[in-house]
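Biologist: Could you walk me through this structure, please? I'd like to go step by step.

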Amino acid sequence: MLLRNPKFAYALTLPVTIILLALLIYPLFVTLKSAFWGDNGLTLSHFADMVAIDGFWTVCRNTIVFTAGSTLASMFLGFLFAYSLEFVTLGRRFFASILIIPLAMMPVISSLTFNMMMNPALGVVNALLKEVGIRGPLWATGTPTALLTVMMVDVWQWTPFCFAILHAGFRSLPSDVMEAARIDGANTRQELFKISLPLLRNVLLVTLVFRFMEAFKTFDVIYVMTQGGPGRASETMVIRAYKEAFQFFKPETAAAIGVVLLVVTLISTRPIGRALLKATT
Amino acid sequence: MKYSPLARLVAYTWLIVGNLIILAPIGWMILQSLKGKIDTIAFPPKFIFSPTLVNFYDVLASQGFRQAMLDSTLIASGSVLIGMVVGVPFAYVLSRSSMPGRFELAEFILSTKMLPAIVVVVPLLQIYKSLGLLDTRLGLVIAHVLVVLALIVWVTRSFIDALPVEIEEAAYVDGASGLRTLLQIVLPSAAPGLVTVAALAFILSWNELFFSITLTGTQVRTLPVYMGTEYVGFLAVDWGRLSAAGLLATLPVVILVLVLQKYLVRGLSLGALR
């Protein structure tokens, strides 16, 4: 172990500690205080206000549907891309390069572009659907389709994330093991389920948890495409908290939602911290 | 590699279809950006038209876009710079010291990446108001340090972990101070990794919307905020200019990502996978 001088080590960590105290820990305490503190001391009334929000359970349902749906869909598609690339030798790099482009796209821009393409009246998607005789839906502007539409855009944005990690995972599988399996007569399916998937367990787990966290706190896509609307059709907890704080000027209710988000985050962050520490120590 | 021809055919078909879906919005943006005003909203949408560069001229000539480009560049550079200056030494400690509590701190940094920003933004807004940081570049730079810090610390750590510790030990034996070892031995050998980390962090800040929209308003407008407000009116969306501006704002980052492809996974998984 190097860095035997503890004073030096502390000095190097000091700036980060100060930044975290000022930008994270202090604001967190303020949020906790405004969530639990009322006119007469400790109170849960802000949480009661939160539950009493018109359409609160719809917002909860939307959050669950969006988070789970987006996460699973992009994991599945990303995996499918990564696995397909294993069958390909010619053009592998080319395909891989194209597949990661959305990672670089500003979510604001991809959301605006999808809004343009899926404009119910003038968009190219509904025009093409019309060509094949389908009457296109209202997409982001229709109550039944709004949530699904923002999820589709989120999946477009984040499938490349899952793909990139899983692709690297597939590439790092030990070739001698794969070779041995093939010599022993394993078929393609056995190779996938008996060898690749078990070896990729940790990679899959890290990807899943990271992806889950990003989906859970999604703001950009929904904010730009629908602002949670029409009505509450695509409103999630994060969007609702934003509205409570900045449109309805009820910071206490926003803080109460924030506490709920915080608890979910803390519970789901633990495995990542563990995985990261294990992977690197 | 011996897969059946059928399996390969299926794989290729899926990859081509998938790539087309991935590329479709970008392709449509390019088409729209090259159309005149009437053509962008023509119905049915036009695939064949006489191309014009007028949207690009307009966007590049507009004061607002240039200002947003400048704001975004300054804010991303500033936050990456500060993030690196404080984050890299921390990553070094994480990698090379046995200081108690360092992992707890590191996990705490991780939570900045995981936490929905809405949880801290209201108190932050009040602090900013009292310090006069609201709607200033400096204020947003500081907030974006929070956005990039986890990435910088964890990915830098994975790069430093990969360096041979023997050289640093030799330097120590020869009497070099800790600071000198860090500055003259660790930093130069980690340089390629540090450039990668800085570039990835730059992208994070460049694309960030939430803090930008809540902590700045009229004086400072980064590209995501500008894009979301300028070309989207209540009645009409200027699709041609929107597409042109979008392409101009995206292109540098796409190039960066393609150049960094090799290190991307390390960045995406915060150094857990490489």
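Biologist: What percentage of the residues of chain A count as buried?

Modeller: Keep in mind that this is a predicted model. A residue is called buried here if 20 or more other C-beta atoms lie within 10 Å of its own. Of the 281 residues of chain A, the share that passes is 46%.

Biologist: Which elements make up chain A, and how many of each are there?

Modeller: Chain A has its C-alpha atoms in a box of roughly 75 × 75 × 30 Å along the principal axes. Among its contacts between residues at least 6 apart in sequence, 69% join residues at least 24 apart. The elements are 14 helices and two strands.

Biologist: Is A:Phe170 buried, partly exposed or exposed, and why?

Modeller: A:Phe170 sits in helix H8 of chain A, which covers residues 146–171. Beyond its neighbours within four places in sequence, A:Phe170 contacts A:Ala82, A:Tyr83 and A:Glu86. Buried would need 20 or more C-beta neighbours and exposed would need 12 or fewer. A:Phe170 has 16 inside 10 Å, so it counts as partly exposed.

Biologist: How many Å separate the C-alpha atoms of A:Phe170 and A:Leu32?

Modeller: Along the chain, A:Phe170 and A:Leu32 are 138 residues apart. In space, their C-alpha atoms are separated by 43 Å.

Biologist: How do helix H3 and H8(A) cross: are they parallel, perpendicular or oblique?

Modeller: Helix H3 of chain A spans residues 56–85, and its axis comes within 6 Å of the axis of H8(A), crossing at roughly 40 degrees. Because that angle falls outside the ranges for roughly parallel, antiparallel and perpendicular, H3(A) is oblique to H8(A). The residues of this contact divide into 18 nonpolar, seven polar and one charged. As for handedness, the crossing of H3(A) and H8(A) is right-handed. To come back to your choice of words, the one that fits is oblique.

Biologist: Now for the two chains together. Which helix gives the most to the side of chain B that touches chain A?

Modeller: Across this interface, 90 residues of chain B are in contact with 83 residues of chain A. The chain B side divides into 65 nonpolar, 18 polar and seven charged residues. With 15 residues, the helix that gives the most is H1 of chain B, residues 5–33.

Biologist: At what angle do H1(A) and H6(B) cross, and how does that orient them?

Modeller: Helix H1 of chain A (residues 6–36) and helix H6 of chain B (residues 118–131) have axes that come within 8 Å and cross at roughly 90 degrees. The contact includes A:Leu23, A:Leu24 and A:Pro27 from H1(A), and B:Val119 and B:Pro123 from H6(B). By class it has ten nonpolar, one polar and no charged residues. The angle falls between 65 and 115 degrees, so H1(A) is roughly perpendicular to H6(B).

Biologist: Why is H11(B) described as largely enclosed?

Modeller: The buried residues of H11(B) pack against several helices, including H6 and H12 of chain A and H4 and H9 of chain B. Those buried residues are B:Leu223, B:Pro224, B:Val225, B:Tyr226, B:Met227 and B:Gly228. H11(B) is largely enclosed by the rest of the structure because its buried residues number six of the eight.

Biologist: How many Å separate the centres of the two domains of chain B?

Modeller: The domain assignment gives domain 1 as 5–33 and domain 2 as 62–268. Four residues of domain 1 of chain B are in contact with six residues of domain 2. Taken over C-alpha atoms, the centres of these domains are separated by 32 Å.

Methods
Residues numbered from 1 in each chain as written. Chains lettered and ligands numbered in written order. Predicted model: local features only at pLDDT ≥ 70, side-chain atom pairs only at ≥ 80, totals over all residues. Helix = DSSP H or I, 4+ residues; strand = E, 2+ residues; numbered from the N terminus. Contact = placed C-beta atoms within 7 Å. Axes fitted to C-alpha atoms, helices over the stretch in contact; angles between N-to-C directions. Parallel < 35°, antiparallel > 145°, perpendicular 65-115°, else oblique. Nonpolar A, V, L, I, M, F, W, Y, C, P; charged D, E, K, R; others polar. Domains from an automatic or database assignment. Left-handed = near helix turned anticlockwise from the far one by under 90°.
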